[in-house]
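The exercises below are meant to be worked through with the coordinates open, and each task is followed by a solution that proceeds step by step.

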Amino acid sequence: MFKYLRPKEQSYAFLQDVDHPEKNRYGKAIETVSVDSELRGQSLNINGDNRVGENPNRYKQHGFYFTADNCISCHACESACSEKNDLEPHQAFRAVGYVEGGRYPEYTRLNISMACNHCDDPVCLKGCPTRAYTKYAEYGAVLQDPEICFGCGYCTWVCPYNAPQLDHSKGHVSKCNMCVDRLEIGLKPACVSACLAGALDFGIMETTPENRDGLDTSIPGFPSTDITHPNIRFQQKNKLPDEMSRTDSMPVKYKKNAKGKFEPHVAEKSVSGQSAEVEWNLNKLSTRENPLVIFTLISQAVVGAFILLFIGPMIGLETLTPVKNTIAWPMFLFGLIGIQTIALVLSTMHLGKPHRFYRAFNNLKYSPVSREVAGIAVFYNFIGAFTLLTGLPQLFFWLPESLLQLFVSITGWGAVVSGLAAIYFMHKIYRIPARPFWDHWQVFTSFYGNVLTLGPLLLVLVFAFIQVLNNESWMQVVPMIAVFVFVGLLMEGIGLYFHKNDLMKSGGEGAAAYFEQTTKFGRTYIARNLGLLSGLALAISMMVIDVDGIAAAVLWSGAAAIVLLTAITGRALFYALVMPTTMPGAFFWRNKKFQEHARETGLAEMPQVGVLPDLH
Amino acid sequence: MDKYTSRRLSEIKNDFERGVFQVVYDSRKQRWHRSFALMVLIVKHVSRGLLFSWPLYLLALAAYSIPDTSILLVLFLLLPAMYVSWAILSRGVREDYENLVHGYLLRTGYIGRIIFHGKV
């Protein structure tokens, strides 16, 4: 053993060497690597110390054990963790939240202390585009390196337990490291050693710590274990009411089912019994993800516009050929590059550490973020090359015509394929089981619907403007473009209809998000739906009514404005409404409503409140 | 520590060792190595930046290639592009310099380490 132990270390702080089964309940071996694995015998190099820990159970999956009956919510575990990891007041690798139920005098409160569960199937590791996460053979710990992270926060989206913490002031994520330095010298993590009430324990998985006999995988408020196979076991034997409520602002409560397990349901009334009112809340549509609202919409519009411009002449839209538009053609292409550039700059600057942007490609094997970024980067380069070849052909006078046409064809088709692939991976980013409101095929219909709607609208507005200036009719393209717009809006509408039905059926956080959509953002939601219907009606009228000139330009501009506003509102709702399947917060801590209140009233200016003053 | 660099000054506790380190660190050879490393980092980051952002500069080129274009339009497109590039690249160079060069004694082969970010 290392010689760093304090002379009077208490016995309860030491890890126990106990027998364990070969596999855990998910069928995974407790022994993290085979006896002859080359991963054995390596140093964790903690603080530059290259010695190898002598813990005899170094290569066994460890995890936390939580006895909820014993937890008194003293927050000693949180304090010990913060002290050990030198955390800022707004950060907590471990947090204590609670759910409550019953009425006085039979009021019951269930406290839950939660940190990273060092899962068997860590979704943070697969989702991280920079490969900042590693699941170590040593103790099965999932460790994250803030020096690799570029602060996109995707791991905080995919983790069902709110374990990774995005520190907006530092621009990177960090999380519980299982106190591997303590494990190396045979000590339990700091939070466990600090627990006053014997609620928190730690050890090899599927063993039963002292004074316990239960090894449940769930507890009221704990998300489904199917997503990640977390390494935490619970004991909770005290009788609980059939219904438990969260004390944070999330409209979710937990009801006991026929099997005696608690399931999440929508809490249509607040804890104090108030019903939710139908409101606009337009100011709350603005979130930290605003750059992503712009980035996704612009990317979808640019991909759609380019595809129509490129394949338009092939499907009979002769007006869109470069020969007929010697000035509009290059101008439009350069315009597409311009707005795509704005989108890319916004999404890059949205990162905690924008200068590490190139690390987005590090995890192409697993991360949809890496694949989306790669898709957009390839699309951007192809569209750039296509624009150069067709918009500035004078630069290529030295190239034989046949070769020039070949390059034009390659870059054009390359942009079409990579653009469509990028939108596919963009939609995959949001198919996250830990965010049920997003985890639906409606994201697919919405994103590709926007490709069909916004792209052609962008194209027709520019071309119509130029044709009108030239006193030429532009109506020959209108019926076909109106078809694209109509199909796009219809896709969006159908997706939204099934989204609503499926959310209502599934219940839980998804239904709660839908509930907020129809209450907190109810009027905005109705306005968005009316916009969608108006857009559909206008698209149909464009297909059948024969108008031309200024009148048509005004009508198209109106339709475009409605469709654009609908798209922006819909996308802003998409980000503002999502509710993670996260652990319950508390009245102050990890309570979205309290955080908003603290920022509005200036409380957040005091660091000890633990809320950063501004997120965006 | 790897074979291309020494320990960092901040990791050395012994006063005598720190003194020797400081003398070598301030030598003409080490200063030249650090200047060269800085240049390599600038070239590395600019090249990588251009790989992703060249269509941005294409806009300015396109504006410039149109006859009778006002120089103001070219500058309007070029200046924001250069500002964003500068903001991103300068931070990248500074971070890499801090992590890979500053406070180290550089030995033969350090260029590979700088280019491949510690993978050599």
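**Exercise 1: Two domains of chain A**

In this predicted model, the centres of domain 1 of chain A and domain 3 of chain A, taken over C-alpha atoms, are separated by 26 Å. Task: determine how many residues each of these two domains brings to the contact, and how the residues on the domain 1 side divide by class.

Solution. Begin with the bounds, which place domain 1 at 11-241 and domain 3 at 587-616, with domain 2 at 283-577. Next, collect the residue pairs whose C-beta atoms lie within 7 Å; the contact then takes six residues from domain 1 of chain A and eight residues from domain 3 of chain A. Finally, sort the side of domain 1 that touches domain 3, which gives two nonpolar, four polar and no charged residues.

**Exercise 2: The contact between chains A and B**

Task: state how many residues of chain A are in contact with chain B, and find which helix supplies the largest share of the chain A side.

Solution. Counting the contacts gives 20 residues of chain A against 15 residues of chain B. On the chain A side, helix H7 (328-349) and helix H8 (368-391) each supply at least two residues, and the largest share, eight residues, comes from H8(A). Sorted by class, this side of chain A has twelve nonpolar, eight polar and no charged residues.

**Exercise 3: Positive phi and burial**

Task: for Asp86(A) and Asn162(A), decide whether each residue is buried or exposed, and locate each along the chain.

Solution. Asp86(A) lies in the loop between helix H1 (76-85) and S2 of chain A, and its phi is near 55°, a positive value in a residue other than glycine. Because 7 other C-beta atoms lie within 10 Å, and 12 or fewer is the criterion for exposure, Asp86(A) is exposed. Asn162(A), found in the loop between helix H3 (154-158) and strand S6 (165-167) of chain A, likewise has a positive phi, near 60°. Its count of 22 C-beta neighbours inside 10 Å meets the threshold of 20 or more, so Asn162(A) is buried.

**Exercise 4: A cis peptide bond**

Task: identify where along chain A the loop that holds Pro105(A) is found, and what the geometry of the peptide bond from Tyr104(A) to Pro105(A) is.

Solution. Pro105(A) sits in the loop between strand S2 (95-101) and strand S3 (108-114) of chain A. The omega of the bond from Tyr104(A) is near 10°, and the bond is cis.

Key. Residues numbered from 1 in each chain as written. Chains lettered and ligands numbered in written order. Predicted model: local features only at pLDDT ≥ 70, side-chain atom pairs only at ≥ 80, totals over all residues. Domains from an automatic or database assignment. Nonpolar A, V, L, I, M, F, W, Y, C, P; charged D, E, K, R; others polar. Helix = DSSP H or I, 4+ residues; strand = E, 2+ residues; numbered from the N terminus.
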